[in-house]
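Student: I should like to go through this structure and ask, for each term applied to it, on what grounds the term is used.

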Amino acid sequence: MENKCKGVVHRIVAGDTLYKLSKLYGVRLIDIMKENPYVNVYNLQIGEEICIPTDIYQEEERRYYSTKPGDTLGKVIKNMNTDIENLMEFNRELYNTRLAVGTILRIPPKK
C-alpha cells in the first residue's frame with residue numbers, strides 16, 4: 001500500500017471484517033469504507049492491506065498494539081503502561097472474551 005494512508009495500514013487476517021476492524025481501532029465503519037473504495041467488503045482477502053484512517057480522530061491520543069504469540073493481558077498492560085480498567089474502557093470486546101472451562105478465578109472480597 002502506498003504511503004497515502006492517514007492512519008494505520010492493517011493486513012487482513014482470517015476472520016477480519018470491516019465492522020470488526022472499526023471496533024478494534026475505534027474508527028467509524030463508513031470512514032474505513034471511504035478510505036478504501038477499492039476493497040470488496042464482502043470478500044476481504046487474507047494478506048490484503050487496507051488503510052484504517054485513525055489520523056482523522058486527533059481529538060485524543062490513540063495508541064494501538066497488535067498482540068503477538070505468548071502475550072497476556074498482564075504483559076500488554078505492563079508494556080503499554082496502562083491498567084486493566086483503561087484497557088477495558090477502550091476495548092469493550094474484551095468483556096466478552098470466553099474463558100477456558102475450568103479456569104479458576106480469584107475474586108476479591110466485597111468492599
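**Terms and their grounds**

Tutor: The protein chain has four helices and two strands, and from the N terminus on its elements run β-α-α-β-α-α. The model is predicted, so local features need pLDDT of at least 70 and side-chain atom pairs count only at pLDDT 80 or more, while totals for chains, interfaces and linings use all residues. Residues are numbered from 1 along each chain as its sequence is written, and side-chain values use heavy atoms, with hydrogens and water left out.

Student: What makes a run of residues a helix or a strand here?

Tutor: Both are DSSP runs numbered from the N terminus: a helix is H or I over at least four residues, and a strand is E over at least two. Helix α1, for example, covers residues 18–25.

Student: Why is the protein chain called more spread out than a compact globule?

Tutor: The radius of gyration is taken over C-alpha atoms, and the globule rule is 2.2 Å times the number of residues to the power 0.38. For 111 residues the rule gives 13 Å, whereas the protein chain has 17 Å, well over that value, so the chain is more spread out than a compact globule. Along its principal axes the C-alpha trace spans about 55 × 35 × 25 Å.

Student: What share of the residues counts as buried, and what does the term require?

Tutor: Buried means under 20% relative accessible area, exposed means over 50%, and partly exposed lies in between (1.4 Å probe, protein chains only). Of the 111 residues of the protein chain, 24% count as buried.

Student: Which residues of α1 are buried, and how do you know that they line one face of the helix?

Tutor: L18, L21, S22 and Y25 are the buried residues of α1. Seen down the helix axis, they fall within an arc of 105°, so they line one face; the arc is that of the directions from the helix axis to the C-beta atoms. These buried residues pack against β1 (8–11), α2 (29–35) and β2 (49–52), where contact means heavy atoms within 4.5 Å. After α1 comes G26, with a positive phi near 70°.

Student: What makes a set of residues a nonpolar core, and which residues make up the largest one?

Tutor: The members must be buried Ala, Val, Leu, Ile, Met, Phe, Trp, Tyr or Cys residues, joined through side-chain atoms within 4.5 Å. The largest such core has 10 residues in all: I12, L18, L21, Y25, V27, I32, V39, L44, I50 and I52. The elements giving two or more residues to this core are α1 and β2, and the largest share, three residues, comes from α1.

Student: Why is the pair of E49 and R11 called a salt bridge?

Tutor: The term requires a side-chain nitrogen of Lys or Arg within 4 Å of a carboxyl oxygen of Asp or Glu. The side chains of E49 and R11 meet at 2.8 Å, N to O, so the pair satisfies that cut-off of 4 Å. E49 lies in strand β2 and R11 in strand β1, so the pair ties together parts that are 38 residues apart in sequence. E49, at 25% relative accessibility, counts as partly exposed, and R11, at 51%, counts as exposed.

Student: How many salt bridges does this rule give?

Tutor: The count comes to three. Among them, K20 pairs with D16, the closest N and O atoms being 4.0 Å apart; K20 is partly exposed at 44% relative accessibility, whereas D16 is buried at 12%. D31 also forms a salt bridge with R28, with the closest N and O atoms 3.0 Å apart. D31 counts as buried at 10% relative accessibility, and R28 counts as partly exposed at 49%.

Student: Where is N81 placed, and what is notable about its phi?

Tutor: N81 is in the loop between α3 and α4, and its phi is near 55°, a positive value in a residue other than glycine. Most residues other than glycine have a negative phi. At 71% relative accessibility, N81 counts as exposed.

Student: On what grounds are K78 and I104 called exposed?

Tutor: K78, in helix α3 (residues 73–79), has 69% relative accessibility and therefore counts as exposed. I104, in the segment after α4 (84–90), is exposed with a relative accessible area of 74%.
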